[in-house]
Amino acid sequence: MRSIAIIAGGVFRDSVRDRIGYGLVFFSIFLMAASFLLAQLTAGQDVKIIKDLGLASASAIGLFIAIFFGIGLVTKEVERRSIYSVLSKPVTRTQFVIGKYLGLVLTLLINLSVMVVAFYAVLLYLDLTTLDGAKAAWEAPALDPRMLKAFALIGVELMLITATAIFFSTFSSPFLSVAMTFAVYIIGHFGEDLKNINSIVKSVVLPYITKAVYYVMPNLSALDVKSAVVHGLPVSGTSMMLATASCMLYIATLLVGSIVIFSRRDLK
Amino acid sequence: MDAIKTEGLTKHYQVGFWRPRPYVALDNLSLSVGPGEVFGFLGPNGAGKTTTLKLLMQLIYPTSGHAEILGSPVGDVAVKQRIGYLPENPYFYDNLTAEELLVYFARMFGCSASEGRTRAARLLDEVGIGAERRFQLRKFSKGMVQRVGIAQALINEPEVVFLDEPMSGLDPLGRREVRELILRLRDRGCTVFFSSHVLSDAEALCSRVAILAKGRLAAIGGLDELTSVGSRGWELVVSGLTGDVLARLKPRLTRATELGDGRFSLELPPSTIPEQLIPDLGGARIVSLNPLRGTLEDVFVEQVRATSAERFTEKVAS
């Protein structure tokens, strides 16, 4: 456990000092601030636009960090041979993979928290500068705490994408790993469409294939409540818990797969 | 108990995409290194030195055979606690400072952060990293990274240390410092296993060496044993030797060279006992008598050529 924590701390420290990571978080905060200016051009839709853009940019920037940093966690270490010194210490390959994963998840969650603070700061400013009459037109209050549910589920999604990126990077090239992880993200968001494809396509075989893909791929659409919270619609705690639990199971499976593959691999 | 032991250690790689065929990187390596030895693992580029070290660190897995360190199988976490390893051309995390890197590694051995900092400071002093220890490693030269690499290999005060080309990238001063460091480790009772293709390093430091060529062990033994006294014969320097005496002696000599001032250097083959030649010198005076000692380089070149020829013959035969 101690070795895992030390490796996770190392990843966190390394990524915190990475200028690219900083750049991405600042870019996300800039997008949120820019959405405020954009909102000035619309009548009555300002809060909705800020919420939409804020949640979308947090999700997109998090996805970018999870995929590119997640793949680099193992492949960069192997390519640059920095892993040789680490694995010659009293550290197992299992501890290495789990430590790397937890380190990046910690970084992502802290980045996400920074984005949440920036997001609510923009909304607070809007709330303070908007007249009460104009607020009546809003579907949901500016500082709606339900948006935290969307951020929490973005966090779960990023944890899953990080595990997927690590899994692919244990046996394929960085380019292929990026492509496959991104494919999982896209397919995961179209899970319901895959399941019900027989209603739009007349084929005997295709629905079986898409259903098989639906059951193998994670259902990321269940984690996407951005639209619901922006419109002030309720998001049930039970559905959130179920979606999170199934993702955690998926993450555990991916990590076990990564460990099994990585433990057998020759580090040439 | 041996500090390091390998038995029939073999590693094959598959090369070629369409028609994969095995490439023998290491072939049936059996050797043992005693505790407290400074052991040189020599060989030309591509001989299998780094492959052996990676097998000992379990960075790669053997095709067959097995290896032990301090009596336990390689890869055992308890054994890793007692060893240190410097990889060839090491690379570390760019965003960490040298000090932070060493503390990071020290903590993996169970040290507290403050104990790690103390050890890091001592080792960085020892390898000659001064104020630069607070710079991020991205700003370090190759030689400085090599020094940090040596320091990290010693962070746990190991009983056995594996150094893969430790002098690589170092300037002459750095090489001397590392030599002195290895000797200090030896004096402390630490077993040092280092790979190199620089023979002068091995001659200066090692009690025993192994020569690897084309993945095979070509020779192993003590330096004296490999470059054994008298193995190439003797050199007898005499003065006042007359022409007819020299002509009589010539069939029993390998070579005779005139040195000037009436002095001659007579090379005797190993089969000739020098004492038997003395009565036949015809009144010439003996200036010196020295064994012709082969250098490690002679042994290295001879063994590497012989192994390469052997591998070539096997390849042609198959």
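This report describes two sheets of chain B and a helix that lies across one of them.

## Basis

The model is predicted: local features need pLDDT of at least 70, side-chain atom pairs count only at pLDDT 80 or more, and totals for chains, interfaces and linings use all residues. Residues are numbered from 1 along each chain as its sequence is written, while chains are lettered from A and ligands numbered from 1 in the order in which they are written.

Strands of a sheet pair through backbone hydrogen bonds, either parallel or antiparallel.

## Sheet β2-β1-β4-β5

In chain B, four strands make an open sheet in the order β2-β1-β4-β5, and their pairing is antiparallel. Strands here are DSSP runs (E, at least two residues), numbered from the N terminus, and two strands pair if DSSP finds at least two bridges between them. At the edges are β2 (21-33) and β5 (72-73) of chain B, each pairing on one side only.

Strands β1 (4-15) and β4 (64-69) of chain B run antiparallel and are joined by five bridges. I4(B) has I69(B) in β4(B) as its bridge partner.

## Helix across the sheet

Helix α1 (residues 49-56) of chain B lies across β1, β2 and β4 of chain B and runs at about 70° to β2(B). Helices are DSSP runs (H or I, at least four residues). Contact requires C-beta atoms, placed from the backbone, within 7 Å. Axes are lines fitted to C-alpha atoms, for helices over the stretch in contact, with angles from 0 to 180 degrees between N-to-C directions.

## Sheet β12-β13-β11-β14

Another open sheet of chain B has four strands in the order β12-β13-β11-β14, paired antiparallel. Strands β12 (255-260) and β14 (285-291) of chain B each have a single partner strand, so one side of each is left without a neighbour in the sheet. Neighbouring strands of this sheet are turned by 20° against each other on average, direction ignored.

Six bridges pair β11 (234-239) with β13 (263-268) of chain B in the antiparallel sense. L236(B) has L266(B) in β13(B) as its bridge partner.
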